[in-house]
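Open the structure in your viewer and keep the selection tool at hand. We will go from one stop to the next, with a short look at each.

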Number of protein chains: 4
Amino acid sequence: MIQLASDINSDQRASSSLRTRLLETRQLSVKLAAPLTAEDMVAQAMDDASPTKWHLAHATWFFETFVLAPRMPGYAIFDESFGYCFNSYYEQVGPRQPRPKRGVLTRPSLESVRAYREHVDVALEAFFALGLDEDDAAASALEIGINHEQQHQELMLTDVLALFAANPLRPSYGQPQPQKVTAAKRGWMIEYAGGVERIGYAGQGFAWDNEGPAHETLIHPFALADRAVTNGQFLEFVLDKGYEAASLWLSDGWAALNREGWRAPLYWEQRDDEWRAMTLQGMTRLDPAAPVAHVSYYEADAFARWAGRRLPTEFEWEIAARRAPEAANDLSSGALRPLPAPSSVAGAPRQMFGDVWEWTGSAYLPYPGYRPPLGALGEYNGKFMVGQHVLRGGSCVTPKGHARATYRNFFYPHQRWQFMGLRLAEDL
Amino acid sequence: MIQLASDINSDQRASSSLRTRLLETRQLSVKLAAPLTAEDMVAQAMDDASPTKWHLAHATWFFETFVLAPRMPGYAIFDESFGYCFNSYYEQVGPRQPRPKRGVLTRPSLESVRAYREHVDVALEAFFALGLDEDDAAASALEIGINHEQQHQELMLTDVLALFAANPLRPSYGQPQPQKVTAAKRGWMIEYAGGVERIGYAGQGFAWDNEGPAHETLIHPFALADRAVTNGQFLEFVLDKGYEAASLWLSDGWAALNREGWRAPLYWEQRDDEWRAMTLQGMTRLDPAAPVAHVSYYEADAFARWAGRRLPTEFEWEIAARRAPEAANDLSSGALRPLPAPSSVAGAPRQMFGDVWEWTGSAYLPYPGYRPPLGALGEYNGKFMVGQHVLRGGSCVTPKGHARATYRNFFYPHQRWQFMGLRLAEDL
Amino acid sequence: MIQLASDINSDQRASSSLRTRLLETRQLSVKLAAPLTAEDMVAQAMDDASPTKWHLAHATWFFETFVLAPRMPGYAIFDESFGYCFNSYYEQVGPRQPRPKRGVLTRPSLESVRAYREHVDVALEAFFALGLDEDDAAASALEIGINHEQQHQELMLTDVLALFAANPLRPSYGQPQPQKVTAAKRGWMIEYAGGVERIGYAGQGFAWDNEGPAHETLIHPFALADRAVTNGQFLEFVLDKGYEAASLWLSDGWAALNREGWRAPLYWEQRDDEWRAMTLQGMTRLDPAAPVAHVSYYEADAFARWAGRRLPTEFEWEIAARRAPEAANDLSSGALRPLPAPSSVAGAPRQMFGDVWEWTGSAYLPYPGYRPPLGALGEYNGKFMVGQHVLRGGSCVTPKGHARATYRNFFYPHQRWQFMGLRLAEDL
Amino acid sequence: MIQLASDINSDQRASSSLRTRLLETRQLSVKLAAPLTAEDMVAQAMDDASPTKWHLAHATWFFETFVLAPRMPGYAIFDESFGYCFNSYYEQVGPRQPRPKRGVLTRPSLESVRAYREHVDVALEAFFALGLDEDDAAASALEIGINHEQQHQELMLTDVLALFAANPLRPSYGQPQPQKVTAAKRGWMIEYAGGVERIGYAGQGFAWDNEGPAHETLIHPFALADRAVTNGQFLEFVLDKGYEAASLWLSDGWAALNREGWRAPLYWEQRDDEWRAMTLQGMTRLDPAAPVAHVSYYEADAFARWAGRRLPTEFEWEIAARRAPEAANDLSSGALRPLPAPSSVAGAPRQMFGDVWEWTGSAYLPYPGYRPPLGALGEYNGKFMVGQHVLRGGSCVTPKGHARATYRNFFYPHQRWQFMGLRLAEDL
């Protein structure tokens, strides 16, 4: 999990001013780019990924477009052409560079983008000097801009990993990595009684529109593993010919596996009987104790079926992240199949934030009563509500402020380049 | 809705023996193919569709493979090569003709396929003569086979329509068509209080595995339109440049629209300022009072957004199909926007079965506790539970016995070649 | 080589009236379709191939469009919609059914197409009754129509083979097959001195526009094998890992091989260490003495390189087909590499017509002074003069009247579904 | 035409030592990259193009692989991993970075590539110091390396233009540009009597293997325009709806036009009724007097057909580049159609080198007796001899030493990103 210099606790507004957090966020983006060359920062690894320079500029364009231009008297647009270059997908804002062609934007130069960041940072500082009521719309737009830039900080790292993995030299970026599962040798299934539960964000701090409205839902009794599935466990699945057994796979997953030639998680390589993985630290020996990462929904689902369990729903995950369990079953990591006998030993799910995003069995759909915000910012989350699945938690490259039980990340079931893993669940 | 010669009421087993229903189902398939030539029956309109001859043979292969071969002593396989030709997607049964290449199966000939049907029908008759306990596994397999063939009866007609629509002569197949909305000039929003509701099939008759387990879920108060959206209403959306307004569309829908050049529902054509539609009766003038059909999920969703409403969830749809409403609002078909004022006039949803399948906002996912059956039949529904949306109800080409409040049909959000329409809902 | 009932010698007009040849050609098409069912005749095996019914109708449409409609007073178009259905690629005539969608034309029915043929045959008979000067434009158009239909007779058989090869039952159509190379056990390289030679058609009979203008070209001394490369020789190449040796292949050929997974000629299959080939007679054991067929230009070129020879130019081929050789070298079929010692034993190339079309090293380009005819018939040959290679000779499914030293067939270098083989050449 | 610092006349070896030319060539590559940033140099505009950095490294790898490693005792490979990164297509040398993925090579850094160049330059200097016989194989390999790097100098500029044209800012690289046709207002058709002519390179200097063997061919009487077709003339074709007239196009060209949406040459844009073109100097007003550039073979051929002429063969072009004409016809640039009356005014073709490569009607095929060199260098030209057309002359970005009457450039008929134009010819 990416650490800011200052300590930021869960209710962000209480402990730290908006201005301070804005400053820290803007600085962190620059810091994350520091290990990269200008060349690294312009290249696009694949259609889904974006260049680092583009992320740096886009997050800045966001503040200019949604905060400064509409709200700050006399603000001068840095460069009118940047709107075309650095708009991501806001149809209401105007046309844009096609996504798969972001890598040809060698101009504006990195130097220009740095000047752009400086221009916008100075303007934001001046904007604060004009006085800002924390409850007004400008504060809200700033808050969105901060969280938006934080999301792109995560993408910067996942996209750099994709770039370096496509490079035959397999360069190293450096930290961070998912942490090992070190707490205990054996795992447990934690039991929950279910019932009518409150879901969604209802606090005073920032949350995305798609985390609400908070509402009640009926949860059936379930159990959730106390830890994420590890590389070691996933390797058992690979060695058990899990990638060759059609009956374990969803039909679309089996088609994807055959079309793409999947034989293991993304970034895994087998050389001379040793399994290795490409990471932000370069090629490393596969660590059996670390959570498996870079698996698609299809792979996560097939693994769970092989293990005799299932993926949790996003609602089960959310209440487990918030509440004490009623009981726990022993989940021996060495004997996923057959199911271990029930156990009364209590415990709690571990590592729900900060190692890998966890695929859930829930499709990414609107909560009851959800309406996207008016205007272009309404395109942020709502228009993606079809065909994707929700991931919960947060990964080793997720900014710390995003660790929230209600946070809903979402990706297509075939995507693997994020730090995506899984945790097992079962019905009771 | 396809009518069988005999009257079949909702609890099928009570009023009609398994043997009678089998016979009628087998006969209906042949009757549905009667208006077609041998040439019509061999051609494949597109990858998603199958030739009529293939449907006739596949439904027969299903009885041979899952009933006769494993259960009838001394049964002789009609032709060993048919397994390769007419297996659809059962990985556990073996390899098969690639789906997009079903149209090259000019052999086995139609005559052979008819002989195949005769061979299997005679054997099924003999199987019944051996004595069959309605509670045993053979009865269950026969029941699945009947329902399976009925599903293919529907596909026969939708695939013939796709074939004839691709033909420059625009031939006519004949009946059936969706019925007009004739009950009243104005529509109503019917209100439901919600609460913890029982969902899924819990009766004694046949239902698919994916309709269960029956379970409770929490429904929030909602309203549902008393009729399907009509061609006339959808034409308003078209004329209001609904297909040009990115802000109405899901991101994937907007991409599909641009990639495919969608400007109206499938099968609509505008000639000399008149709107026409290709139907099973050939090209006809668009009937403004009939339910709109052949729209994708993306179009259904965009229409609902334009109309200021949303699609219902599959759970909302199911309880509305079962229970009396609490209240109703006036839904003037001429004034979808703005919302009409509430009204106390009661009513009930109409035409929930037998005109068009209705897209719901629910992704096709397993119910809590769902497990697919063991063996190859477990591939029937379970392995498709990702990336698709549920449709409820039934269309004018759905066999009558499939009209069931709990029935879950499912398609990808871009698909349009079925008789797919929509009904509006809203939060209360 | 397809035989007509009557004997037709090389100068067609002298020995047989136009009317007789027209009649025989029209009858042969029907006869060639006789072994096929209506189902066989409607299906399209792949984008490059067409249904038999389409060929039957298209060749008829050609007479209607280019002979009857413009030249016969009072001729009534059989059906106006057929123009759209059965135009192949004549942009000047109007829009048409997309080529890859010819297989959805289950209507017009085969019966209608037969009536269409009858209608046009009767009208052609009446047209002859009006009196026809053999030198006028109508006679020329009729001559083109006859030769055009003959070309489609060849395509009918190659496309049926493609259809039956895609069918898991591997049906048999029946005769014909390429003949074995039976004349002698050993092959010879026949030597030619070259010089300024006349190329192209200059006779009085029919020839295509692309066979002229006749003109002189300078030929360098060369030798040409006295026979086509056999299955047995090509199998040596396969067994010598010819499909794995990048250095033998043109760059585009290597890419095609890897993209398509080529490991042998089209229609070859290896089962239990036996090589078999799909033919018009169904699956047969590979005959080592028969000419290899169904190889792409890339494969022909790679084989020639492996054998230390090259493909002939179309000009070398043409003069060899016309003139006595000066000398011949022993070409042992069992020892393609290294080159056999020169020999003074004379001989002549055999089997230049009627077994397989032979790929030449010449691109399909216009001869000096070539101009396509005016009007839509100008689209017949001229607009395809880019990206393709010339094949010379004729195959076992080529109508006999097309056996002509100047005839230029042409296909793209990746295409294999015709009866395409090769003959070796070398520089002297 | 790219100028070297020193003056280099046509017989290169006579006036300048191999060592000097090597030095100058190596320096010119660096000089050509000088206007570019490190970011510009890493990006890949499209699959056909390569990054500047890749060109700089690849040309260096070529010297290392084919000169230093096999011939210089004790030479130390700079970095073993560079072979994988910078091999282009030499199958015999080993596997390589996939061509469409050259843009992800942000490492090795530009700095490393510069060090690589320095390392190889120092070694080449030392290699010369060992003493080099100009007739030996090392001299030949060095000569090839020089000419190879010069070809990549041209590609560096065409690929930068493709990159900058894909950039919404439309940056300027600077010089060079094709020169205007300034010699005279009216054009002439220059007549040639033809006859048996010697074709191909037979001098003492360097030429590519595909320029030989020199051989005789028979040329028919023809005329060739004294200048290239201009933007002004091509604009007439555009305005005459040349891109909408199927009858002017080769079938493959018409398909490409429709598939790609071509409406004008690549890099042309119409804004507010003004035609502009993207050039190395950025967006400029279209200069009607300059040669048209960036047209595909299909467009060149369609233009020629529209103009009532044809493209020359590569042989016609070659002898016109070498010999005095017999007569000339007036070719008024304002009246391409109908053909101007013949004229006795003599003239000579102008601008055959140094403005645009000129498409010829000749397919790129081996000359009689051609055999590629042994070893990996044999892959240089020979394996591309299918599916492409020859271009003759040279463009404004072609290194001066490549201006040679026998030089054969080759591209696929759909490609447009080089400086490709045309010159008209006709039969006499």
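The tour below visits domains, a helix, a loop residue and two chain contacts. Keep in mind throughout that this is a predicted model.

**Stop 1: the two domains of chain A**

Select residues 12–165 of chain A for domain 1, then residues 187–427 of chain A for domain 2. Colour them separately; their centres, taken over C-alpha atoms, are separated by 29 Å. Where the two meet, 21 residues of domain 1 of chain A and 19 residues of domain 2 of chain A make up the contact.

Now stay on the domain 1 side of that contact. Which elements of chain A supply at least two residues each to this side? They are helix 1 (12–15) and helix 7 (137–165) of chain A. Helix 7 of chain A gives the most, with 11 residues. If you colour this side of domain 1 of chain A by class, you should find 10 nonpolar, six polar and five charged residues.

**Stop 2: an annotated stretch of chain A**

Next, select residues 189–327 and 350–425 of chain A, which the unreviewed UniProt entry annotates as "domain: Sulfatase-modifying factor enzyme-like". Then narrow the selection to residues 350–425 of chain A: this span is 0% helix and 24% strand, and its end C-alpha atoms lie 14 Å apart.

**Stop 3: helix 6 of chain C**

Move to chain C and pick residues 110–129, which form helix 6. From the first C-alpha to the last, its 20 residues reach 29 Å, close to the 28 Å expected at 1.5 Å a residue. Show side chains for L110(C), V113(C), Y116(C), V120(C), A123(C), L124(C) and F127(C), the buried residues of this helix. Turn the view to look down the axis of helix 6 of chain C: the buried residues fall within an arc of 145°, so they line one face of the helix.

What do these buried residues pack against? Within chain C, their partners are helix 2 (18–33), helix 3 (38–42), helix 4 (52–71) and helix 5 (82–86), and helix 3 (38–42) of chain B joins them. Rotate to the face of helix 6 of chain C turned away from the buried side, and you meet the exposed residues E111(C), E118(C), V122(C), E125(C) and A129(C). Just after helix 6 of chain C comes G131(C), with a positive phi of about 95°.

**Stop 4: where chain C touches chain B**

Display chain B with chain C; 26 residues from each of these chains take part in the contact. On the chain C side, helix 3 and helix 5 each supply at least two residues. Helix 3 of chain C gives the most, four residues. By class, this side of chain C has 15 nonpolar, seven polar and four charged residues.

**Stop 5: where chain D touches chain A**

Here, 26 residues of chain D are in contact with 26 residues of chain A. Highlight helix 3 (38–42) and helix 5 (82–86) of chain D, the elements that give two or more residues to the chain D side.

**Stop 6: a glycine in a loop**

Finally, centre on G200(C), in the loop between strand 2 (195–199) and strand 3 (215–219) of chain C. Is G200(C) buried or exposed? G200(C) counts as buried because it has 22 C-beta neighbours inside 10 Å. Beyond neighbours within four places in sequence, its contacts are E211(C), G212(C), P213(C), A214(C), H215(C), Y367(C) and T406(C). To finish, draw a C-alpha to C-alpha distance from G200(C) to G242(C): they are 42 residues apart in sequence and 36 Å apart in space.

Notes:
Residues numbered from 1 in each chain as written. Chains lettered and ligands numbered in written order. Predicted model: local features only at pLDDT ≥ 70, side-chain atom pairs only at ≥ 80, totals over all residues. Expected span 1.5 Å × (residues − 1). Buried ≥ 20, exposed ≤ 12 C-beta atoms within 10 Å, placed from the backbone. Arc of directions from axis to C-beta. Contact = placed C-beta atoms within 7 Å. Nonpolar A, V, L, I, M, F, W, Y, C, P; charged D, E, K, R; others polar. UniProt positions renumbered as here; feature names shortened; annotations may be inferred. Domains from an automatic or database assignment.
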